Structure formats: C-alpha cells, structure tokens
Amino acid sequence: AGETSFQGRLYRLELQLSPQGHGRYSLDPRVLETHLLTDTAGHAMTGDARAFDPLNSPDSLRLDAEAIRLAADGRTAFVSDEYGPFIDLFDIRSGKRLKTLKVPNKFQIDSPSADGREEMRHNLFGRQSNRGFEGLAITPDGKRLLAIIQDPLLQDAEQRADGKATGLNNRMLELDLETGGRRAFGYPLEDAANGVSEILAINADEYLVLERDTRSGEAARFKKVFRI
C-alpha cells in the first residue's frame, strides 16, 4: 500500500504441478533465486510511496511493479511501474535497471505525491492514482512491447464528487523495441466499474486481456478474458 520500504525484487520460481485425481491438481512453488532491484547507480528501488521524484522523472526510486515480460535475449526483463507510469528494463542477474523506456506525457502526471488523494486533486491528465501500467505483453518475436493502463486516464474519465474518476475508454501503448516507434490504442471496458489486470500476446497481432471488477469472493460479478 506504499507504506513500507520493501525493496523491489525478481524471483525465479520452480513450479511443480501434480495431478491429485478427479480433475484436481496441487501446485508446489519453490523459490530458486531472488534478485533485488536497484537503479542504474545501485540505489534500492522501493515500494515506499514517499520515494518519488518531485518532477515525476524516471530517476524516482519508488516502484510499484505490476507486470514483467522477459526480453528476447532472455537475460533482461521489462517491468511496468504503476507509479510513473514507467517501463523499466532490468538485468535479471544483477537486478540493476539498465534503462527506462520513453512513455508519452499523456500517460504521466505532473504532480506526484505519497498520498493518492492528493495526486487525484492536483492532476488533470495522466494515470489515476494506483492505476498505472497494470499489464505488459511482448510479441513472440520480441520486437514489440504493449503496456495497458488499469483504468482510464484522467483526461478520459469523469471526475466524481468523491474524488474518484470513472470511464469506459482505456488505453494501450505499443513500443517498437527496435526503432523506438510508439503507437496508442483504445481499449473499451465492458463496464466503467471494471479495470484491466493483465495482457498476453498470443501472436503478432492478437492479445488476451484480463478484465475484472474490483470485488472478490462471492461478491465478484465480472472476471473475463477477452481476445482482441
């Protein structure tokens, strides 16, 4: 919740799936490696919401890592950050950030804060508080990366009296990893109360998008995977 100094990290897991009969399986995960994340200078990346750069630049040390996709080289990984929102490239073995990919200003906010309510009050465009790049997809050839926002950007949403913002028009950002080219796409939500959790490339042009409401357990009403 942005209130601890927990250091960001990558885990390599071994997953053992065993049949138990009658259509049931047991999953036994085992941690093989842990790699602590740092910036290019070796400073720890942290979940602490107070560790932001006032200019909301990639020099910020706060990291709310939401998605990870292996790069084509198998030695580095792209990680999406919900705070910026940013997309960082990390060396897996060392955990060091190698670079931050350029994200259009329309996705970013001008006035970051450790308090999400303050962010909503002082920004007119960019991601909603705690609603940044929630999912990442990389095409099978490793040449294009797609990032999707959890909820509509502030300029695409209706500001409510309670300080929250809702809308139906979400956005995806496509980055050409070879040329640096960028394109944006609209993704229409089924309901303004929904958000997007993840996206997966199944070929060069088609993706699976996980859209869901914010409810859990018996209160949940909407959890679907869409092919786009």
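Here are a few notes on two strand regions of this predicted model.

1. Ground rules. The model is predicted, so to speak with strings attached: local features need pLDDT of at least 70, side-chain atom pairs count only at pLDDT 80 or more, and totals for chains, interfaces and linings use all residues. Residues are numbered from 1 along each chain as its sequence is written, and side-chain values use heavy atoms, leaving out hydrogens and water.

2. Strand β5. Strands here are DSSP runs (E, at least two residues), numbered from the N terminus. Five of the six residues of β5 (residues 86–91) are buried (under 20% relative accessible area, 1.4 Å probe, protein chains only), so the rest of the structure largely encloses this strand.

3. Partners of β5. Two strands count as paired if DSSP finds at least two bridges between them. β4 (residues 76–81) runs antiparallel to β5, joined by six bridges, and Val79 has Asp88 as its bridge partner. A hairpin with four residues between the strands links β4 and β5.

4. On to β6. β5 also pairs antiparallel with β6 (residues 97–100), over three bridges, with Leu89 opposite Lys99. Five residues lie between the strands of this hairpin, and Gly95 in the turn has a positive phi of about 80°.

5. The three-stranded sheet. Look next at the open sheet ordered β13-β14-β15, with antiparallel pairing. Its edge strands, β13 (195–201) and β15 (223–227), each pair on one side only. Twist averages 20° from one strand to the next, with axes being lines fitted to C-alpha atoms and angles running from 0 to 180 degrees between N-to-C directions. Six bridges connect β13 with β14 (residues 207–212), where Glu198 has Leu210 as its bridge partner.

Conventions
Buried means under 20% relative accessible area, exposed over 50%, partly exposed in between (1.4 Å probe, protein chains only).
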